[in-house]
Amino acid sequence: MWRWNQTSLEDFILQGLFDDSLNHLCLFLLLMLVFLTAVIGNSLTILLICADPHLHTSMYFLLSQLSLMDLMHVSTTIPKMASNYLSGKKSISFVGCATQHFMYLSLGGAECLLLALMAYDRYVAICHPLRYTVLMSRRVGVMMAVMSWLSASVNSLIHTSILMSFPFCGSRIIHHFYCEYPAVVKLVCGDVTLYETTVYICSVVLLLLPIILVSASYGFILHSVIQMRSAGSKRNAFATCSSHLIVVSLWYGACIFSYMRPRSQRTPLQDKVGSVFYSIITPTLNPLIYTLRNKDVAKALNRVLRRDVVA
């Protein structure tokens, strides 16, 4: 038993994204620029929503939670990858790998649930505008955020505990730039068919249920918009929903590509590309999409900047 524990707790080797070539150095610098953009954009969104009283509504509270998830998501994977690349080391400890796996899975699951709840928020705002402050009070918004964080964390804790309890053998080289499930499970000694099937079913449920809720919400929204007589009201409704729809399409599309494909159709390169998209590109685009297409956020930024200039 001691030998098994000692072997299982050995470090893993992260293959990473880049080698020592000049082309890869340029790609690494570009990725660092994208990472800084994601950190600045999401941090600014959170600060704006906290600082401006006009944004203290459930809609923007949920948006601040989305930005927090995105900020934590990029911070979970990119700093370790950059540290390994710059130092020339590729190792990650057993505990570090388990922590990374738990964090990225928790944040990914929480974002899936939160985006679905944000679609419900848009449904209430457009279909029941007079009852919005009652149906989507600050308390309801907080409960939605807590439910997203808690449900995803429990799901991630269960999966991470089971995965990391398996014995690992062989080279312990993870063909990825962080400890993502598909790359880690390949290193397990023994038959994991049942576990993989269970994870696949859980992934499908965790993705399909939010997608069904999003589709139902926007089905009702579309029905209400069609019945609107004012062209201005229709434009405002579409403008309100367009940012969320773009974010939803990017996020769920990347997750479906990464987790709902059969194992036989996966390659390490495809897994890396999918992970780069939903763990780096999407968190970078989200604040840009909401900021550039949202007049309230733009006005809040102007108010904060004028306040600083006056001060």
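**Exercise 1. How many nonpolar, polar and charged residues does the lining of the second largest cavity have?**

This is a predicted model, in which local features need pLDDT of at least 70, side-chain atom pairs count only at pLDDT 80 or more, and totals for chains, interfaces and linings use all residues. Residues are numbered from 1 along each chain as its sequence is written, and side-chain values use heavy atoms, without hydrogens and water.

Step 1. Find the lining: a cavity is a set of points on a 1 Å grid over the protein atoms alone where a 1.4 Å probe fits but cannot get out, and lining residues have an atom within 4 Å of a point. Here they are Met59, Tyr60, Leu62, Leu63, Met118, Asp121, Arg122, Thr240, His244 and Tyr290.

Step 2. Sort them: Ala, Val, Leu, Ile, Met, Phe, Trp, Tyr, Cys and Pro are nonpolar, Asp, Glu, Lys and Arg charged, and the others, Gly among them, polar. The result is 6 nonpolar, 2 polar and 2 charged residues.

Step 3. Trace the helices (DSSP runs of H or I, at least four residues, numbered from the N terminus). H3 (58-87), H4 and H9 each give at least two residues, with the largest share, 4 residues, from H3.

**Exercise 2. Describe the largest cavity.**

Step 1. Its volume, the space filled by probe spheres set on grid points joined across faces, edges and corners, is about 290 Å³.

Step 2. Of its 20 lining residues, Leu105, Gly109, Ser203, Leu206 and Tyr259 lie nearest the centre. Helices H4 (94-127), H6 (138-165), H8 (193-227) and H9 (231-259) give two or more residues each.

Step 3. By class, this lining has 13 nonpolar, 7 polar and no charged residues.

Technical notes
1 Å grid on protein atoms, 1.4 Å probe; cavity = no way out; pocket = protein on both sides within 12 Å on 5 of 7 lines; lining within 4 Å.
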